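Reader: I'm new to this one. Can you walk me through what's there?
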Amino acid sequence: MWWGDWPMIMYTVFESNDFSGKKLVPFSTHEGSGLSGFDSKLQSACPNSEVLNGLAVRGNDCQNDQDGVRSSVDDWVTGLGY
């Protein structure tokens, strides 16, 4: 996320590729914006794909609470069935 939106290169990625039939898993680091609707926006950009539950992690937590973030990511991935 960049100020609550995708970086411009991500618009190019989603416009230039066919993600039909793919499972897409949104994730981001942030400092307050969370997923910023990234999951629903991703579903709109790739309507023939399956968008799974996303994860947003505070960048500050990545720096200062690595064990907690690692646990959150492990729980998230397990919840996705992987």
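Author: Here is a short tour, from the overall layout to single residues. Keep in mind that this is a predicted model.

Reader: Start simple. How many helices and strands does the chain have?
Author: Four helices and four strands. From the N terminus on, the order is α-β-β-α-β-β-α-α.

Reader: What does the C-alpha trace span along its principal axes?
Author: About 35 × 30 × 15 Å.

Reader: And how much of the chain counts as buried?
Author: Of its 82 residues, 22% count as buried. The chain exposes about 5,600 Å². Carbon and sulfur atoms supply 51% of that area.

Reader: What share of the contacts comes from residues far apart in sequence, 24 or more positions?
Author: They make up 69%, counting contacts with a separation of 6 or more.

Reader: Now the inside. Which residues make up the largest nonpolar core?
Author: Eight residues: W6, F14, L24, L35, F38, L42, C46 and V51. In soluble globular proteins, nonpolar side chains tend to be buried together.

Reader: Pick one of them. What does L24 touch?
Author: Leaving out residues up to four places away in sequence, L24 touches F19, L42, C46, S49, E50, V51 and L52. Among these, L42, C46 and V51 also belong to the core.

Reader: S49 is on that list too. Is S49 buried or exposed?
Author: Buried. Its relative accessible area is 9%, and the cut-off for buried is under 20%, so S49 qualifies. S49 is in the loop between α2 and β3.

Reader: What does S49 touch?
Author: With residues up to four places away left out, the partners of S49 are F19, G21, K22, L24 and Q43.

Reader: Let's switch to strands. Which strand pairs with β2?
Author: β4, residues 55-58. The two pair in the parallel sense, over four bridges. One bridge joins S28 to A56 in β4.

Reader: Which residues are on the covered face of β2?
Author: S28 and H30. F27 and T29 are on the uncovered face.

Reader: Where does H30 sit relative to Q63?
Author: Their C-alpha atoms are separated by 12 Å, and the two are 33 residues apart along the chain. Q63 lies in helix α3, residues 59-64. Q63 counts as exposed because its relative accessibility is 59%, and exposed means over 50%.

Reader: On to α2. Where is S40, and what lies by its side chain?
Author: S40 is in helix α2, which covers residues 38-45. A polar atom of its side chain lies 3.1 Å from the backbone oxygen of G37. S40 is partly exposed, at 47% relative accessible area.

Reader: How far is S40 from V51 in space?
Author: 8.2 Å, C-alpha to C-alpha. In sequence, S40 and V51 are 11 residues apart.

Reader: What about the backbone? Which residue has a positive phi although it is not a glycine?
Author: S36 does, at about 50 degrees. Most residues other than glycine have a negative phi. S36 is in the loop between β2 and α2. At 32% relative accessibility, S36 is partly exposed.

Reader: And what phi does G81 take?
Author: A positive one of about 95 degrees, just after α4.

Reader: Last one, on α4. What should helix α4 span, and how far apart are its end C-alpha atoms?
Author: α4 has 15 residues, 66-80. At 1.5 Å a residue it should span 21 Å. Its end C-alpha atoms are 21 Å apart, so the two values agree.

Definitions and conventions: Residues numbered from 1 in each chain as written. Predicted model: local features only at pLDDT ≥ 70, side-chain atom pairs only at ≥ 80, totals over all residues. Heavy atoms only, no water. Core = buried A, V, L, I, M, F, W, Y, C linked by side-chain atoms within 4.5 Å. Buried < 20%, exposed > 50% of the residue type's maximum accessible area, 1.4 Å probe, protein only. Contact = heavy atoms within 4.5 Å. Pairing = 2+ DSSP bridges. Expected span 1.5 Å × (residues − 1). Areas by Shrake-Rupley, 256 points an atom, 1.4 Å probe, with all protein chains shown as cover. Polar contact = N/O pair within 3.5 Å; in protein donor to acceptor, adjacent residues only side chain to side chain.
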